[in-house]
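User: I should like to go through this structure by question and answer. Please show the sequence and the model before we begin.

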Amino acid sequence: MCHISRYISILLTFSAAALIYCTQPVISVAAEVTAITNTSASSDTCLKCHKRNGQMLGLHGNPGLAIVCQDCHGEKGNHPKKGASLNQFGIDSPLSVQQQAAVCLTCHDNETLADADWTHNVHAVRVGCAQCHQLHPESDPMLSLSRQQHSQLCVTCHKVNP
Amino acid sequence: MLHSKRQFLKGCGALLAGASVYGITQSPLAEHSDTSSEADIKYAMVHDENACIGCNACVEACREVNQVPEGVTRVKIERRGPFGEYPNQSYRFSRVSCQHCEAAPCVRVCPTGAAYIDKDTGIVAVHEERCVGCQYCIAACPYQVRFINPETRTADKCDFCQQTQLKQGLQPACVLACPTKALTFGNLKDADSALVHLLKSKPTYRAKVDLGTRPKLFHIQTIDGEIML
């Protein structure tokens, strides 16, 4: 009798483990998660002011990654005041394309990115990541492009005037 | 008397031999290739591989205009690379589509006459209603650009938009879609055309010319990494 109950408990444990494993969202992130050293920092201070534009909803907001604002945007310093050196991303950023990309490349690997899409390679020093990709919203529009949309995205910049 | 008889027989033999040689040279194949040279139009295309960015806008435009089903395509942009070290890398692109050969192997092997060269334009096209899908043309094409259209079940390939764009007096869909103007389409027999000007001003190459197919798809080679001419 004792044996039977032991078998049942082992079986239950295995099935529970399998269930947990299966229900985990399968996210394929083209990044090797490196240890983020900034463990003491948290996003709470930032979110006191940046309630709306500070929310991280997409893949980078995954609690498993434990990414905080400072990991990408840098230390606060004297931020709300002028002369603060926070990292900004996108076309209006004072940072150079390579400086912007370097922040992303601390976790992302350029070869993995090239496997996902060869166009990463040819834009490495010309276009910042954030000019195409959006991290904060729920989904990055670049991940759900159709073939036609992908082509048209190239056309928007590369169009030669007749 | 004997002497003149021998001379007569010799003469007859020479005449017969000459006539037979003349007959051999006038083969059907020779006739075939002559037909296209009489028309005023001979369409051709140039792909500038320096201007091409590999965006595939041509492929998508062709698919839409010519109703090409998913899984097959009339035009492909072959990508090679990356060349160089990250982050300064580059790729090279080459268009793969029907070359509209003047001596088209696909036309020669077609048993039903479905594959043909349009006498007025030099375009290699397919009579859909005559094609039985035997795939001889697919095997014969050295450029491997023919396929069986899964919807019509007949041989299909680029026809320079003969049935769609050219009918309306427009340039082929791929040419219009190209954002960098890497494609130039025109008449080889029109000395003032942009195509002829381009061919005269830049060095070009054609694929597999050694096969004697006389293709009409010209490529301007990527200068990056090549000898400057």
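User: How far apart do the C-alpha centres of domain 1 and domain 2 of chain B lie?

Analyst: This is a predicted model, in which local features need pLDDT of at least 70, side-chain atom pairs count only at pLDDT 80 or more, and totals for chains, interfaces and linings use all residues. Residues are numbered from 1 along each chain as its sequence is written, while chains are lettered from A and ligands numbered from 1 in the order in which they are written. Chain B is divided into domain 1 (1–34) and domain 2 (39–220), with bounds from an automatic or database domain assignment. The separation of their C-alpha centres is 43 Å.

User: Which element gives the most to the largest nonpolar core?

Analyst: A nonpolar core joins buried Ala, Val, Leu, Ile, Met, Phe, Trp, Tyr and Cys residues through C-beta atoms within 7 Å, buried meaning 20 or more other C-beta atoms within 10 Å of the residue's own, with C-beta atoms placed from the backbone. The largest such core has 46 residues, and C58(B) and V124(B) are among those with the most contacts inside it. Helices (H or I, at least four residues) and strands (E, at least two) are DSSP runs, numbered from the N terminus. The leading contributor, with five residues, is α3(B).

User: How many residues does the contact take from chain A, and how many from chain B?

Analyst: Two residues are in contact if their C-beta atoms, placed from the backbone, lie within 7 Å. The contact takes 14 residues from chain A and 16 residues from chain B.

User: Which element supplies the largest share of the side of chain A that touches chain B?

Analyst: On that side of chain A, α6 (119–122) and α7 (147–158) each supply at least two residues. The largest share, six residues, comes from α7(A).

Technical notes: Buried ≥ 20, exposed ≤ 12 C-beta atoms within 10 Å, placed from the backbone.
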